[in-house]
Amino acid sequence: MIWFILSMATGGVWAFLFATFTLVSDPGLTLALANFFWVMIPTAAVTMFLLAYEFVFKHNVSRRVAVASFLPILVLFVLSWFNPDNLVYTPEYHVGPNGYLHAPDLGGPLKIFVTKIYGYLLVFLAAGMFVGEALRTNGTHRRQTLYLLVIFSMLVLSTVVKVAELVPVYFDLTSVVYSFSGVFFAFSISKNGFMKFVPVAREQTFQEVSDAIFVINPEGNVVDVNDAAGQLFGAGIIGQQIDVVLSEHVTSTEGAAETLEFRRNDETRFFSVQTSTIAYGRGLEGEIMVLSDITALKKRENELDLLKQILSRVFRHNIRNDLNVISGYAQIIEDASSGDVAEWAERINDRSTKIVKQAEKAGKIESVFSYDETVQRSLREDIEKAREEYQVTPPATVSFDIDDVEVEVHPRFDLAVLELIDNALTHHHGSEPADIVVSTELTDTSVTLVVEDNGPGLPSVEVSVLKAQEETDLQHGSGIGLWLVHWIVARSNGELTTEVTDSGTKIEITLPRLPQNQTTSEAESVAAQ
């Protein structure tokens, strides 16, 4: 924006000086005004070039480069007052008696170099940058580029018309075009938002985000980095192969290079790696690589893994073994005594057995979390597997009515079914024997596994804990069995619902059906009919 404003200002000064020295009749004043006029031509070329550079490359020109760009113009302006050895003007350059300036087409070598060679070179470079940007971009940015290209082309065309002497000597079309281009640019600002905040915000976000970001070209070279990447890997990584950059610092990878271990100065840090493809017109493609620091998360993960191992060992071995000993002694006391002592020993034995079962379920939970992927298989096969593993003691009964549908579930989905059956049998009390029915209900897109019993009903606190998905000191479940079911269903992309009725408890697990297998089943059903 700054360079465009300066370009428009240059056009205004250009027009004013041209009008002034063509109107005054004093020879000295005419020559003095002409000295200012000639430097306006290359100044316009420099401002348009710097505008094109910053617009295309989205990078501010340094003060050193800006000063160097105007230096030839400054030399021309200073020497034009002295004209040593006809370096700027030839002898044909003079003011006639009527005050008109007579200027040859070329002039002295310095004037030729600055106003013709240097000026037109910058003009052609700017035009090339605008054309290239218009070809490789799209959307709003392309429209912005085309507007600038139209303005630029108008100015270039008017200069060509003037140089070709297609207009009278004292008529400068370029000055007029500057006025129209200013109006045209004002329209383009409101139309395409040259001063929008979004590009500036994106650039600032790129630099200030804490993640290390690399921009990589198709050859695998780093072409740009943000401040975080520069601080992490050093400022000299631009131009290097990304594999070389990472190999110099990264000591190991995990999970197909999705996690990097970075060591420097006795400090170990971990980064997750995300790579995405970018396209920049005309088939140009590259990559954006983002390294996110997950050191704290990795440390927490290692601590939780160690805690899991400790708790698993304590539950599965130490506590269970000790409770088995307690239960054994309690059984001996019960057999060898009577009355209150025998009753107390029986209670100790029952409670010890219950805790042992909880410890066994803790081991099952560990096996649930050891799987990260789901499997596709028949729901009936899973239920049959659970049916074979669980032994029902009469007079309790468990009946099954399961449709043969394909689902995608957790590999240990059978544990969820076993837990629901065991939970219904364990907590059943009353005069009537336990009666549990396991069935399925189908829709076009899902299958619902229903487990119904005739027990006292699931306590409301158990339902509340599952819905809240957390336990507190004041609100907690009586065990971990239903949590086991909840985690298996969640990892099967299913939905768990509970309902307490007058006749007992109804628990439903809704799972999505596989579309291709659903189609196959429907086709087989039609063929059978």
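A residue counts as buried when its relative accessible area is under 20%, and as exposed when that area is over 50%. The exercises below apply this to a predicted model.

**Exercise 1.** Determine whether Asn83 is buried or exposed, and describe its backbone.

*Solution.* Step 1: locate the residue. Asn83 lies in the loop between helix 3 (63-80) and strand 1 (94-95).
Step 2: compare its accessibility with the cut-off. The relative accessibility of Asn83 is 19%, so this residue counts as buried.
Step 3: examine the backbone. Asn83 is not a glycine, yet its phi is positive, at about 50°. Most residues other than glycine have a negative phi.

**Exercise 2.** Carry out the analysis for Asn493: is it buried or exposed?

*Solution.* Step 1: Asn493 is placed in the loop between helix 15 (481-490) and strand 14 (495-501).
Step 2: with 58% relative accessibility, Asn493 counts as exposed.
Step 3: the phi of Asn493 is positive, about 60°, although the residue is not a glycine.

**Exercise 3.** Identify which residues the cis peptide bond with an omega of about 10° joins, and locate Pro395.

*Solution.* Step 1: the cis bond links Pro394 and Pro395. Most peptide bonds are trans.
Step 2: Pro395 belongs to the loop between helix 12 (379-389) and strand 10 (397-401).

**Exercise 4.** State how many helices and strands the protein has, and what percentage of its residues count as buried.

*Solution.* Step 1: the protein contains 16 helices and 15 strands.
Step 2: of its 529 residues, 39% count as buried.

Definitions and conventions:
Residues are numbered from 1 along each chain as its sequence is written. This is a predicted model: local features need pLDDT of at least 70, side-chain atom pairs count only at pLDDT 80 or more; totals for chains, interfaces and linings use all residues. Side-chain values use heavy atoms; hydrogens and water are left out. Helices (H or I, at least four residues) and strands (E, at least two) are DSSP runs, numbered from the N terminus. Buried means under 20% relative accessible area, exposed over 50%, partly exposed in between (1.4 Å probe, protein chains only).
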